[in-house]
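Hi everyone, thanks for coming. Let me put a structure up on the screen, and then we can walk through a few parts of it together.

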Amino acid sequence: MAEKELNMNVRDDNVSEETKKLISSLPTYKDSLGKLCKYQGCWYYYNTLQAVINFQNNFRPQNNDIILASFPKSGTTWLKALTVALLERSKHDHDDPLNHHPLLSDNPHGIVPTLEIDMYLKSSTPDLTKLSSSSSPRLFSTHMPLHTVKEGLKDSPCKIVYVCRNAKDALISRWHFKCKCQKQDDVSRSSLESMFESFCSGVSFYGPIWDHALSYWRGSLENPKNVLFMRYEELKTEPRAQLKRLAEFLGCPFTEEEEESGLVEKILELCSFDNLSGLEVNKTGKTSLNIDRDSFFRKGEVGDWKNYLTPEMESKIDMIIDQELKGSGLTF
Ligand code: PAP
């Protein structure tokens, strides 16, 4: 793939001299998209590393900021939609709270910017003033692990919500996403096998997935008021309970009146895969990184990996993850 066709986040043409010096002291690797290095236990393409460092050096947190965190392809789009719907609900007509809703006119990624991708990739000091409003907290997302995010948050008591997804489904989702972004009609076995191997070795963008999830798992145990650990699979099996849990954590629990009016169900319906993926705003157009918006909606199911991974692949990845999570109390 020609360098100019790569998304800016996987390139290496926006790196300062200081970051180049740092990279020369880090473990590095080259994959089919570009050069990666391991910073604070996590693998980044060089431009993304620059964005992470820009964030860590220059972000000025506000105490009520909310950060939605995830390993890529773990339910970020869904979590963004649910959180926006929760926070927006007070602004909308009580009888018809979803009328003229921002989610009907913008993609969840357009409403909630990703710190190191939408904001700090293009500028070391992006203008965040547009995001400030007296009535709502600022909402951001990130794929950085918790310890790296915390450096940028300094000691600010921001709320952080992490969504975790089964590693095999996150892998299959990433593979489809990559094929789609590269316009590969041929969703070939060999490209899956090579992605599988790098995923299992831990050397893949934002990997290793187990260390990523562990950072938030431990953070949520140490500091449950500030870090909420959610799971894609639980959002699927018990959406009502999980939405209420999210609302309570964010300090905006549903009132009895809201529950009786069916607002919980209305929000779940608004943010459902079928509804969001069917909206014109999510079917057409591109995100700030020139990614087709419809790439963020594929199947939205649990266990789709079974259609792609062999029993040998399944046992290999399960064994690695069991080993890596051993003793932590976390399984996924
Ligand atoms: P990102 O990390 O690039 O932002 P992210 O939203 O985390 O992507 O993950 C995309 C996955 O979430 C896709 O999974 P799949 O490939 O297995 O289908 C996508 O379909 C799924 N997804 C998006 N929106 C929803 C939703 N509203 N409900 C359930 N799953 C969803």
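Let's start with a question: which residue in β7 is the bridge partner of Tyr162? Find Tyr162 on the screen and look across to β7, and you arrive at Phe229. Before I go further, please keep in mind that this is a predicted model.

Now let's build outwards from that pair. Tyr162 has a bridge partner in Ala69 as well. That fits the wider picture, where strand β4, residues 66–70, is joined to β6 by five bridges, and the two run parallel. Turning to β7, residues 227–231, we find five bridges joining this strand to β6, and this pair runs parallel too. Another link between them is Val161, whose bridge partner in β7 is Leu228.

Are the residues of β6 mostly buried or exposed? In β6, residues 159–164, five of the six residues are buried, so the rest of the structure largely encloses this strand. For β7 the count is five of five buried, so β7 is largely enclosed as well.

For those of you new to strands, here is a handy rule. In a regular strand, side chains alternate between the two faces of the sheet. With that in mind, look at β7 again: Val227, Phe229 and Arg231 are on one side, while Leu228 and Met230 are on the other. Every one of these residues is buried, and both faces of β7 are covered.

Let's move to the ligand. Which residues come nearest to it? There are 21 residues around the ligand, and the nearest are Lys73, Thr76, Thr77, Ser173 and Lys299.

Backbone atoms deserve a look here too. A polar backbone atom of Gly75 is 2.9 Å from an oxygen atom of the ligand. For Gly300, a polar backbone atom is 2.7 Å from a ligand oxygen. With Phe273 the ligand atom is a nitrogen, and the distance to a polar backbone atom is 3.4 Å. As for cover, the ligand on its own has 640 Å² of accessible area, and the protein covers 97% of this.

Where do the surrounding residues come from? Two elements, α3 (76–88) and α15 (273–278), give two or more residues to the shell. The one that gives the most is α3, with three residues. If we sort the shell by class, we get eight nonpolar, nine polar and four charged residues.

Next, a separate sheet. This one is open, has three strands in the order β1-β2-β3, and its pairing is antiparallel. At the edges stand β1 (28–30) and β3 (42–45), each with a single partner strand, so one side of each has no neighbour in the sheet. From one strand to the next, the twist averages 30°. If you want to see the pairing yourself, look for β1 and β2, residues 35–39, which are joined by three bridges. There, Thr28 stands opposite Cys37 in β2.

One last stop: Lys286, in the loop between α16 (280–283) and α17 (311–325). The relative accessibility of Lys286 is 41%, so this residue counts as partly exposed. How far is Lys286 from Gly110 in space? They are 176 residues apart in sequence, but from C-alpha to C-alpha the distance is 9.5 Å.

That's my tour, and I'm happy to go back to any part of it.

Terms used:
Residues are numbered from 1 along each chain as its sequence is written. This is a predicted model: local features need pLDDT of at least 70, side-chain atom pairs count only at pLDDT 80 or more; totals for chains, interfaces and linings use all residues. Side-chain values use heavy atoms; hydrogens and water are left out. Buried means under 20% relative accessible area, exposed over 50%, partly exposed in between (1.4 Å probe, protein chains only). Helices (H or I, at least four residues) and strands (E, at least two) are DSSP runs, numbered from the N terminus. Two strands pair if DSSP finds at least two bridges between them. A residue is near a molecule or strand if one of its heavy atoms lies within 4 Å of it. A polar contact is a pair of N or O atoms within 3.5 Å; within protein, one must be able to donate a hydrogen and the other to accept it, and residues adjacent in sequence count only if both atoms are side-chain atoms. Accessible areas come from the Shrake-Rupley method with a 1.4 Å probe; for residues, only the protein chains shown count as cover. Ala, Val, Leu, Ile, Met, Phe, Trp, Tyr, Cys and Pro count as nonpolar, Asp, Glu, Lys and Arg as charged, and the others, Gly among them, as polar. Axes are lines fitted to C-alpha atoms, for helices over the stretch in contact, and angles run from 0 to 180 degrees between N-to-C directions.
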